[in-house]
Structure formats: C-alpha cells, structure tokens
Amino acid sequence: MGGGIAGRAGDYTIYLMAVNEDLSITVSVPVGNSAMPFLSQSGEIVILVDWSAHANFSSSATTADVASLVASKLLDPVALPYAFRSAAEYPLHLIGHSRGGSLVCGVALELGKRGVVVDHVTTLDPYPLGGDAPATAWENIRFFDNYFQAIFPPEGLVVAGAYNRQLGYLDGATSYTLPHSDTHLWYYGTVAPHVTPLPYDDGLSITASERFYWYASPEIGGYFTGHFFSRVAGGSDYRPFDGYLNRTGLPSNTHEWPNVVDLWLTNSVARPAVAGGVQAYSDGGGDFFLGIDNDGNPANGIIGYIGTNSTAFFIPTNIPPGSYQIFAHVINDSQSRFLYAPGVLEVKPALLAPSLQLTAQKQLQVQGYPGQTVVIEASQDLQTWTPLKTNSVAEVFSDATVFSRRFYRARLIELGP
C-alpha cells in the first residue's frame, strides 16, 4: 500500500517507523529507491508504521499507547533522517486498517492535543479492541473517510462525523478469504485505478472482475473514490461531505502549532498584468505567508514569497512562463507548517502589445515581455508586410537606412490558450 501511494508522486521518500517490543521507536533512513527529502521534487513522504510487535493479542500495549509514541515522532524535528523538519510541518494523511484504524485516530487525537490540524484520516474496517483508542472523528481532522463492511466478523464500524462508505460483498478468485481483509485490497484498488490487473501482497491482485463488481457505478472501477480524495501527490481538490459538523471535540488543546487548514487557487492562469488568485484559511495564529515554487517540495528551495494575506492576487511580473505551485507557510515562535494548493498555476506570456522605438542612431528596437513571441514585419506601402525576424527578446534592427521609406510593425504571436 505504502509503495503504491508513494509511486503516485513519481519521486518520493519512504521511511519505516518500527515500534519495538520495549515500546521504543526506530526510524530508518529512506528505504528502497526513495529519494532524500531535500532532493525530491514532489516533497511526498510516506511513513510505514510497523507496530506488529504490539498488534497481536499477547501485547499489553493498546493502540492508544502506540499512538502517543508515533505522534511524538511525527512532531519531532529530528526524527526523520535527512528531512530536517518534523513530519507535522507538512499536511498529514493517516491511513489505518482494522486496529490500525483505531491507531490513526489515536495519533490524530494526540496531534490535536498539541494544536495540529490533520488534513486527512482514512480508516479501513476499523476494529478497536478493549482499551484501544476509539475510532473517532476528532475536530482537528480536516477530512475523514471510513470504508467498512458488515458482512462477516470482524466487522468494521460506522464513524460518526465521517464520510462512511459501506462496502458490499467483496469476493473474487484473487481476493482474501475474509471481507475484513478485503477492505484493505479494495482501497488499494483506488490508489492505482488505471492498472488492471493490479498486483498486491500475498500473491493477490485486482482484476477487471473486481473493478466491475466491487465499486459502485459512480466510482468507475475505483477511479473516483478512496484515495481519489487524498491531497497526496497533487491529488484531487474534491472531497464529499463528511459530516464535519458532527466532529468530536478534543479533550484538551495547547495550541502550540499554527495551521494552514485549506488552500486553493481561485484563478489558475496568470499573465503579466493579469493576476492569478489564491485563497487560504489558517488557524492557530502565527505569521502567514503565501509563496510560489517550481515543485511541491519546500525542502529543496522555493522561488519566493508573494504575499502575507490569506487572499492574494498574484501578478507574475518577474516570473517566466511555466507551471508553478502555490503554497502557504505559517510560522509562530517555535513551529511552522506548509500547505501546497491542489493543481498548478499556469503563468502565460503577456498579451500586452510590444513596442518599437527609434533610437538616436536611427535604429529600431523592439521591446517585449518575458515569454512573448514577437514578429517584426516591414512594408513599403502598408499593404504587404514581410516578416524580418521572430524573437522573444529585445532586438535592434539597422536596415532602415537602406530604404528611402519603410514602415515597421511588431506583431505579437500568442501560442496556445
């Protein structure tokens, strides 16, 4: 599952966080083919939490105990090797199956007690045992989706205040024996919906048959459900109503962390003299900044900041045409958090007309704008025009002295929308 989610980003960083028998935690250096966080373009980090030492019935530790330990590592700025920031500085999507669903709810609770807003929690057939953290949609969770089955024990739970999707009978030649385990496989089918058959662990796979029978018609074989709602790797900015008005209040909140709760583009195309728009919603105080970046990773450097208000109209006077990402950065005395807007801001060449100037040496000089394609044309009768030069930068023309009378014009060529 973790590898499939990371693969959506193109380049990524994967860490393995192991909860040991003595309840200590070991965090690996980036594993497999993953990149160092400061070299990644996507900025996506996947943390695989291995708590198998306490997931069995022989351990006296509950998911609440483990959640407290995991949350402390997510808040620790030196816990992830070579990341140079804590995981909590970035938007968090927590995913857990069975008792793991209880665990991620417990992690969200512990983070909320410190003032951290969790962008997304996903539970898959959550099944807490006695003493475990409850499967609860806490008020600091921005979006909560829950996928459960009630066909055969162990049965998952409906989570109040969440988007609940009850799954039907999940059967197939390549599926698990128990529907409880198949909820995990069902969700994985939404991580890579374009791949059929989709190989999975334990020699299982999702075939065309599962894609047809397991997913509702509007979900189109797993495309528009499950992981489609995640913001990971530039994911969808659409999320269904999840009952956030019925969230459960936190038992305590120290408000140590500032938050960027949401960020979206109100106008995704900008040109010189035509503004791109962005809107943000923050919570928890701190100094607020909007910035622009070449990619989705602040750890490898940013272009710069463009405003200090939650609403900004960005005019890219010094930014060359291209695709950029807009982010918000909020900072208080001791903590900071980032959030990148879904989608990209397209900066287009200016539509402002170029100009021709006569210099003191009786030379013509064309002045355009970055990214423009300008054609210089000449005519002796203002009827027939001959192109002389095509260029996107300023040029000097001296052939005016060859003719007794000649007219010039600069014509802007707009390429694409």
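**Note on the cavities and nonpolar cores**

1. With three residues, β17 gives the most to the lining of the largest cavity, where strands are DSSP runs of E of at least two residues and helices runs of H or I of at least four, numbered from the N terminus. This is a predicted model, in which local features need pLDDT of at least 70 and side-chain atom pairs count only at pLDDT 80 or more, while totals for chains, interfaces and linings use all residues. Residues are numbered from 1 along each chain as its sequence is written, and side-chain values use heavy atoms, with hydrogens and water left out.

2. At least two lining residues of the largest cavity come from each of β5, β10 (259–267) and β17 (336–340). Among the lining residues are Tyr-90, Val-118, Asp-119, Val-260, Arg-337 and Phe-338.

3. The largest nonpolar core, meaning buried Ala, Val, Leu, Ile, Met, Phe, Trp, Tyr and Cys residues joined through side-chain atoms within 4.5 Å, has 37 residues; buried means under 20% relative accessible area with a 1.4 Å probe, protein chains only. Val-70, Leu-94, Val-107, Leu-111, Val-121 and Phe-144 have the most contacts inside this core. Two or more of its residues come from each of β1 (13–19), β2 (25–27), α3 (63–75), α4 (99–113), β5 (118–124) and β6 (141–148), and the largest share, seven residues, belongs to α4.

4. Setting aside neighbours within four places in sequence, Val-121 is in contact (heavy atoms within 4.5 Å) with residues including His-93, Leu-94, Val-104, Ala-108, Ile-141 and Phe-144. A second, separate core of 27 residues includes Tyr-12, Tyr-147, Leu-167 and Ala-192.

Notes: Buried means under 20% relative accessible area, exposed over 50%, partly exposed in between (1.4 Å probe, protein chains only). On a 1 Å grid over the protein atoms alone, a cavity is a set of points where a 1.4 Å probe fits but cannot get out, and a pocket is an open set with protein on both sides within 12 Å along at least five of seven lines; lining residues have an atom within 4 Å of a point.
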